Amino acid sequence: MNKKRQVAKYLVFDFLAAALGWTIFFIYRKLVIEPQRFGIDIPLDFTNRYFLGLLFIPVFWLTFYYITGFYKNIFHRSRLLELGQTFLTSVVGVVIIFFALILDDFITSYKDYYELFFILFILHFFLTYSFRLILTTRTIHRIHKRKIGFNTLIIGSNEKAVKVYNEMMNQQRPAGNLFVGFVGVENNNDALLSDYIPKLGGVNDLTNIIERKQIEEVIIALETIEHKRLSDILTIIENRQVTIWGIPDLYDFLSGTVKVNTIYSSPLIKISNGLMPGWQENTKRLIDVLFSFIALVLFFPVFLVLAVVIKTTSKGPIIYKQERVGRFGQPFKIYKLRSMVFNAENGIPELSNENDERITNIGRFMRKTHLDEIPQFINVIKGEMSLVGPRPERKYYIDQIIQKAPHYTHLHKLRPGITSWGQVKYGYASNVEEMLERLPFDMMYLKNISLYIDFKILIYTLMVSFKGNGK
């Protein structure tokens, strides 16, 4: 199962549908609309306007689909929901194209506008959904035949766990869950479930099991009343790139928290680890990339000047690389303009402070203006960071923070940022205690994340940089 290949298939089909729709629409305008306008037959001539549209219109559609979140959860598809989503995006997209490109067309009456709109809409919607229907139907059939599956882990080994396992293995139309094993919890009888699938370890082994077995879905088979245990488990796995399901009880059904959208599957509660609506999350990523490209171009002269000063005033490389922990707990190399003397830590992690003698003269200026973080726009483009998000820390310090604040791991649901709510309100932390003091601001960002909050943080960051109030 290759998610990137599956996304590529949808991208190719959507591109073809948009290009084919535009081509047929262009021909229709030439052979039907324009003869009505001029009273003579118009030769079919593919002009520069057609070829520009052939390039930019499919790109517009793919970008629009990306922003609306169509290419997420690419294997979890409902043909009926896909029909509605394709219809709505086609309506909105055609309206945008109509006002941007078609409204200045030569027409004989306003009826031509309506005709052009509906012809473009029908062509685009029919072609797009036809291609998608073929691909989605083929994928669903492969899932039902268990040719495509998702590595699934059960947490718990009580009677609930055994029941849901048997129900899902005997489904008339399987949902694609490939059970690789279960994790035992206290006061559960492991023998009940070990007759069917192997025990892979305990709750403390969850992180390693998820990584080692490449787990994609987790089913938590605990009683609803076990809130403390459930909270501890979610603290461990919510920041991982997995889909989490819970088993509902009668109270959950009566309270209306169980939403089922498939007829043949077992009723499960999806425990969402999504923090923003899909369109906002994708728009945020799009803004990250575009802004970073622009920033790298604009700051390139500044970067060159700083690079020359760094190289001529102290020994060592211009760019400083250090391993940090990013989204879903994955390590990455963060880039910064070197602001300290070469080999400042000498292999032993040591945070800097305001009067640190290891900071060079130019380094002190860069830190106050945040210019040392220019290379991190490369991290953003690579997808390792975002413009706004909790600042990434080293595993050495994260391990110490978690001992006092286990909920810190929730921050790993997000891409770390060049700037953050915590950095704007508190600034850089020079020890673990200050990291803990800054943590509530980052947690507030986690709970209130939105594009609006991002823009406010960016504005305040620019103000701090211009005033030179950083540290």
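**Exercise 1.** Decide whether E373 is buried or exposed, then place its salt bridge.

*Solution.* E373 has 3% relative accessibility and therefore counts as buried (buried means under 20% relative accessible area, exposed over 50%, partly exposed in between, with a 1.4 Å probe and protein chains only). The model is predicted: local features need pLDDT of at least 70 and side-chain atom pairs pLDDT 80 or more, while totals for chains, interfaces and linings use all residues. Residues are numbered from 1 along each chain as its sequence is written, and side-chain values use heavy atoms, without hydrogens and water.

Next, the side chains of E373 and R391 form a salt bridge, 3.8 Å from N to O (a side-chain nitrogen of Lys or Arg within 4 Å of a carboxyl oxygen of Asp or Glu). R391 is in the loop between strand 9 (386-388) and helix 14, and E373 in the loop between helix 12 and helix 13, so the pair ties together parts 18 residues apart in sequence. R391 is also buried, at 6% relative accessible area.

**Exercise 2.** Describe the salt bridge between D372 and K336.

*Solution.* The closest N and O atoms are 3.5 Å apart in the bridge between D372 and K336. D372 is in the loop between helix 12 (361-369) and helix 13 (376-381), and K336 in strand 8, 36 residues apart. Helices (H or I, at least four residues) and strands (E, at least two) are DSSP runs, numbered from the N terminus. D372 is buried at 1% relative accessibility; K336 is buried at 12%.

**Exercise 3.** Which residues are linked with R327 in a network of salt bridges?

*Solution.* The network links R327 with K72 and E281. Within it, the side chains of R327 and E281 meet at 3.5 Å, N to O. R327 is partly exposed, at 23% relative accessibility.
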